[in-house]
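Got your viewer open? Let's take a short walk through this model, one selection at a time.

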Amino acid sequence: MNSKFKIFVDRLKKVDEEIKEKVSFQALDIENEKELKFTKHILIDGKAYISNEDLIINLNIKFYITMPCSICNKFTEKELLIKNLYITEMLSDISTCYEYKDDIRNACFLEIPSFVECMGNCQERQNTKKKLKKESDKNFPFSNL
Ligand SMILES: [Zn+2]
């Protein structure tokens with residue numbers, strides 16, 4: 001039985017569970033889109049424990065995406081980090097195990113910025129600025145009318 005992304009609560013009653021996974025995005029049922037691609041692997045690191053009547057999963061997640069740069073349109077890779085994600089679920093709602101795959105997938109998608117710039121600072125940005133400046137120079141004579 002595949003126990004990836006599954007926390008068996010019986011086991012947790014005795015000892016906290018360390019979580020350390022390196023998975024492919026396909027393992028999270030993520031399908032790449034034309035303008036948003038997950039690359040490399042997804043690193044998941046943290047622990048699961050029981051607190052009172054709740055299952056708590058506390059994770060750091062690191063993953064990589066490529067998206068077209070919002071300025072020059074070149075695909076650019078970005079490393080994204082989710083720090084201290086807390087997933088909580090009432091123990092009374094869990095029969096034997098809790099699967100946190102969907103929580104991870106949702107957290108990843110929430111973390112994706114709506115636009116990226118290559119290397120955090122697109123080279124083309126300088127050119128765009130210059131172009132804008134030139135155009136405003138060009139428009140300048142109109143203010144004399
Ligand atoms: Zn760019």
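Before you click anything, here's a rule for the tour: a residue is exposed if 12 or fewer other C-beta atoms lie within 10 Å of its own, and buried if 20 or more do. Keep in mind, too, that you're looking at a predicted model.

**Stop 1: N52.** Select N52, in the loop between β3 and β4. Is N52 buried or exposed? It has 7 other C-beta atoms within 10 Å, so N52 is exposed. Now check its backbone: phi of N52 is near 55°, a positive value in a residue other than glycine.

**Stop 2: N84.** Next, select strand β5, residues 75-90, and pick out N84 in that strand. Here's another residue that isn't a glycine but has a positive phi, about 60° for N84. N84 counts as exposed because it has 8 C-beta neighbours inside 10 Å.

**Stop 3: the largest nonpolar core.** Time to go inside. Select I7, L55, I57, F63 and Y100: of the 18 residues in the largest nonpolar core, these touch the most other members. Which elements each supply at least two residues of this core? Colour β3 (37-51), β4 (54-68) and α2 (101-111), and you have them. The largest share comes from β4, with six residues.

**Stop 4: I57.** Stay in the core and zoom in on I57, one of the residues that touch the most other members. What does I57 touch, leaving aside residues up to four places away in sequence? Add I7, G46, A48, I87 and Y100 to your selection, and you have its contacts.

Technical notes. Residues numbered from 1 in each chain as written. Predicted model: local features only at pLDDT ≥ 70, side-chain atom pairs only at ≥ 80, totals over all residues. Core = buried A, V, L, I, M, F, W, Y, C linked by C-beta atoms within 7 Å. Helix = DSSP H or I, 4+ residues; strand = E, 2+ residues; numbered from the N terminus. Contact = placed C-beta atoms within 7 Å.
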